[in-house]
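Me: I should like to learn how to read the features of a protein model one at a time. Could you take me through this one, giving the general idea before each case?

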Amino acid sequence: MRPIQLILMLFALVVGVLYFRRLRSRLVDRVVIFVLGLLAIIMVAQPEWATQVANFVGVGRGADLLTYVGISGLAFLWLRMYVRQRELEERLTELARHLALKRAEPPKRKAARRKKSAKP
C-alpha cells in the first residue's frame, strides 16, 4: 500500500467520524454519507476497480470518472444549498412581516402619544 492511499483512507475516516459526531442530519443523509465514505475507501484501496467501472460506463480512466462524479456532486450540493438559502430568506421575510404586524400600533394612538409628549 502506498503512503497516499493510507493518507486518503485516514482522511475519509476522519471526515466520516466528524460528520457523524458533530452534525445532526436525517437518516437518508447519514446513509448517503456512509455509502460515499465506504466507496471512497474502497476506490483508494483498489484503484483498479475505479478504472474498471470507468471503462464500463465509457470513461477512459478511473480518475476521470471520479472527477466527473465529484464535479457533478459539488454542483448538486451547491444547488441544494442555494435552494435552502432561498427558503430561509423567504421564512425570515415572513417572520419579519408577522412581527411587524404584531407590534404595529394604530395611527390614532401614535398621534395621541405625540400630542401628549409635545405638551410641557
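Me: Does Ile71 count as buried or exposed?

Reply: The general idea is to compare the relative accessible area with two cut-offs: under 20% is buried and over 50% is exposed. Ile71 has a relative accessibility of 52%, so this residue counts as exposed. Ile71 belongs to helix α4. Please bear in mind that the model is predicted.

Me: How far is Ile71 from Arg103 in sequence and in space?

Reply: Separation may be stated along the chain or through space. For Ile71 and Arg103, the separation in sequence is 32 residues, and their C-alpha atoms lie 48 Å apart in space.

Me: What confidence does the prediction carry, and which elements have the lowest and the highest mean pLDDT?

Reply: Confidence is read first for the protein and then by element. The protein has an average pLDDT of 86, and 90% of the residues reach at least 70. Among the elements, the lowest mean pLDDT, 64, belongs to helix α5 (residues 107–118), and the highest, 93, to helix α4 (residues 62–103).

Me: How many salt bridges does the structure hold?

Reply: A salt bridge is read from the distance between a side-chain nitrogen of Lys or Arg and a carboxyl oxygen of Asp or Glu, which must be within 4 Å. The structure holds three salt bridges. In one of them, the side chains of Arg61 and Asp64 meet at 2.9 Å, N to O. In another, Glu87 pairs with Arg84, with 3.8 Å between the closest N and O atoms. The side chains of Glu94 and Arg97 also form a salt bridge, at 3.1 Å, N to O.

Me: Where do Glu87 and Arg84 lie, and where do Glu94 and Arg97 lie?

Reply: For a pair within a helix, one reads the spacing in sequence. Glu87 and Arg84 are both in helix α4, three residues apart, which is about one turn of the helix. Glu94 and Arg97 are also both in helix α4, again three residues apart, about one turn.

Me: Why does Arg61 count as exposed and Asp64 as partly exposed?

Reply: The same two cut-offs apply: exposed is over 50%, and partly exposed lies between 20% and 50%. Arg61 counts as exposed because its relative accessibility is 53%. Asp64 counts as partly exposed because its value is 22%. Glu87, at 38%, is partly exposed, as is Arg84 at 44%. Glu94 is likewise partly exposed, with 47%.

Me: Which residues form the nonpolar patch on the surface?

Reply: A patch is read from its members, their combined area and the element that supplies them. Phe20, Leu27, Val28, Val31, Val32, Ile33, Phe34, Val35, Leu36, Leu38 and Leu39 form the nonpolar patch, with about 980 Å² of accessible area together. Helix α2 (residues 27–45) gives the largest share, ten residues. Leu38 is in helix α2, and this residue is partly exposed because its relative accessible area is 43%.

Me: How much space lies in the largest pocket, and which residues lie nearest its centre?

Reply: A pocket is read from its volume and then from its lining. The largest pocket holds about 1,800 Å³ of space. Its lining has 44 residues, and those nearest the centre are Val32, Ile33, Leu36, Gly37 and Ala40. The elements giving two or more residues to this lining are α1 (3–22), α2, α3 (47–57) and α4. The largest share, 15 residues, comes from α4.

Technical notes: Residues numbered from 1 in each chain as written. Predicted model: local features only at pLDDT ≥ 70, side-chain atom pairs only at ≥ 80, totals over all residues. Heavy atoms only, no water. pLDDT = per-residue confidence, 0-100. Helix = DSSP H or I, 4+ residues; strand = E, 2+ residues; numbered from the N terminus. Patch = residues over 30% accessible without salt bridge, like charges linked within 9 Å, V, L, I, M, F, W, Y side chains within 5 Å. Areas by Shrake-Rupley, 256 points an atom, 1.4 Å probe, with all protein chains shown as cover. Buried < 20%, exposed > 50% of the residue type's maximum accessible area, 1.4 Å probe, protein only. 1 Å grid on protein atoms, 1.4 Å probe; cavity = no way out; pocket = protein on both sides within 12 Å on 5 of 7 lines; lining within 4 Å. Points joined across faces, edges and corners; volume = space filled by probe spheres on them.
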